[in-house]
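Dear colleague,

Please find below the structure I am handing over to you. My findings follow it.

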Amino acid sequence: HFNDHDITPSRLFNSRFYAGYYIDNVSMPGFLFEGYLLLRAEDRVDDQVWTLGTRWQTDRELWSADWETAVQFGEYGGVHHRGLALRVGSSYLVQGLNRTRVGVAYNYGTGDGDPDDGEHWTFDNQYPLNHAYYGCMDLFSLQNMHNIEATAQTSWRGGRGCAWRIRRSGSTSRRRMRGTMQALASCGRHF
């Protein structure tokens, strides 16, 4: 059979995933609240990473805002694991500029400042199999970084949009991601 394979000790392919999810958009008018608890476990590499997170979103006439925090704890490769990810963003719909939505956001993910201290502080991308489908794009997850972005999205000519982002490594770790500061620009149909 084509899909038969041996089980290997790999967090990329053989982790077990469990999740609990709660959503409420009724209790607090004008707000969307989400809460979640995730577990990624792979016994053969001594991983058991828990993620407890919450996300809030509100849309008020021309303004929109969102906030998400995820805290991690457990074991990663047999060592004590802690991680944190944060996103805060806001945008405003400018009526006179072809209904252009301009926004700013800040994204943060912890990194490990000392990989030899017996503790793992890098935020764990709970779904690491995305590398098989997206390649190096998974390096742009919330790991070891501060990310400040300014965006503009317009409905002009079929919904084209552009974004400007700065990505900066979050620590002085020897595991710093390549490119301490990197400017990314994106303009496309489905922004």
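I begin with Leu-37, which is located in strand S2, spanning residues 31-42. Please bear in mind throughout that this is a predicted model. With a relative accessible area of 36%, Leu-37 counts as partly exposed. Together with Leu-52, Val-71, Phe-73 and Leu-84, Leu-37 makes up a nonpolar patch on the surface. The accessible area of these residues together is about 380 Å².

Overall architecture

The protein chain contains two helices and 10 strands. Their order along the sequence is β-β-β-β-β-β-β-α-β-α-β-β. The chain has 191 residues, and 34% of them count as buried. Its accessible surface amounts to about 12200 Å², with 59% of that belonging to carbon and sulfur atoms. If one takes the contacts between residues at least 6 apart in sequence, 50% of them join residues at least 24 apart.

The S1-S2 hairpin

Strand S2 is also one arm of a hairpin, the other being S1, with six residues between the two strands. Strand S1 covers residues 16-24 and runs antiparallel to S2, to which it is joined by nine bridges. Within this pairing, Ala-19 is placed opposite Leu-38 of S2. In the turn, Gly-30 has a positive phi of about 90°.

Aromatic residues

Six aromatic pairs are present in the structure. In one of them, the ring centres of Tyr-22 and Phe-33 lie 6.1 Å apart with the planes at 55°, so this pair is classed as tilted. The pair links distant parts of the chain, since Tyr-22 belongs to strand S1 and Phe-33 to strand S2, 11 residues apart. What is the exposure of each partner, given by its relative accessibility? Tyr-22 is partly exposed, at 46% relative accessibility. Phe-33, by contrast, has a relative accessible area of 19% and is buried; the cut-off for that class is under 20%. Both residues also belong to one aromatic cluster, whose other members are Phe-31, Trp-56 and Trp-67.

Backbone points to inspect

Two residues other than glycine deserve a look for their phi values. Asp-46 has a positive phi, near 55°, and sits in the loop that leads from S2 to strand S3, residues 47-60. Asn-144 likewise has a positive phi near 55°. The loop that holds Asn-144 lies between helix H1 (130-134) and strand S8 (145-153). Is Asn-144 buried or exposed? Its relative accessible area is 5%, and Asn-144 is therefore buried.

The surroundings of His-120

Finally, I would draw your attention to His-120, which is part of strand S7, residues 119-120. The relative accessible area of His-120 is 9%, so this residue counts as buried. Which residues is His-120 in contact with, leaving aside its neighbours within four places in sequence? They are Tyr-76, Val-79, His-80, His-81, Arg-82 and Asp-112.

With kind regards

How values were computed. Residues numbered from 1 in each chain as written. Predicted model: local features only at pLDDT ≥ 70, side-chain atom pairs only at ≥ 80, totals over all residues. Heavy atoms only, no water. Patch = residues over 30% accessible without salt bridge, like charges linked within 9 Å, V, L, I, M, F, W, Y side chains within 5 Å. Areas by Shrake-Rupley, 256 points an atom, 1.4 Å probe, with all protein chains shown as cover. Salt bridge = Lys/Arg side-chain N within 4 Å of Asp/Glu carboxyl O. Helix = DSSP H or I, 4+ residues; strand = E, 2+ residues; numbered from the N terminus. Buried < 20%, exposed > 50% of the residue type's maximum accessible area, 1.4 Å probe, protein only. Contact = heavy atoms within 4.5 Å. Pairing = 2+ DSSP bridges. Phe/Tyr/Trp six-rings, centres within 6.5 Å; stacked < 30°, edge-to-face > 60°.
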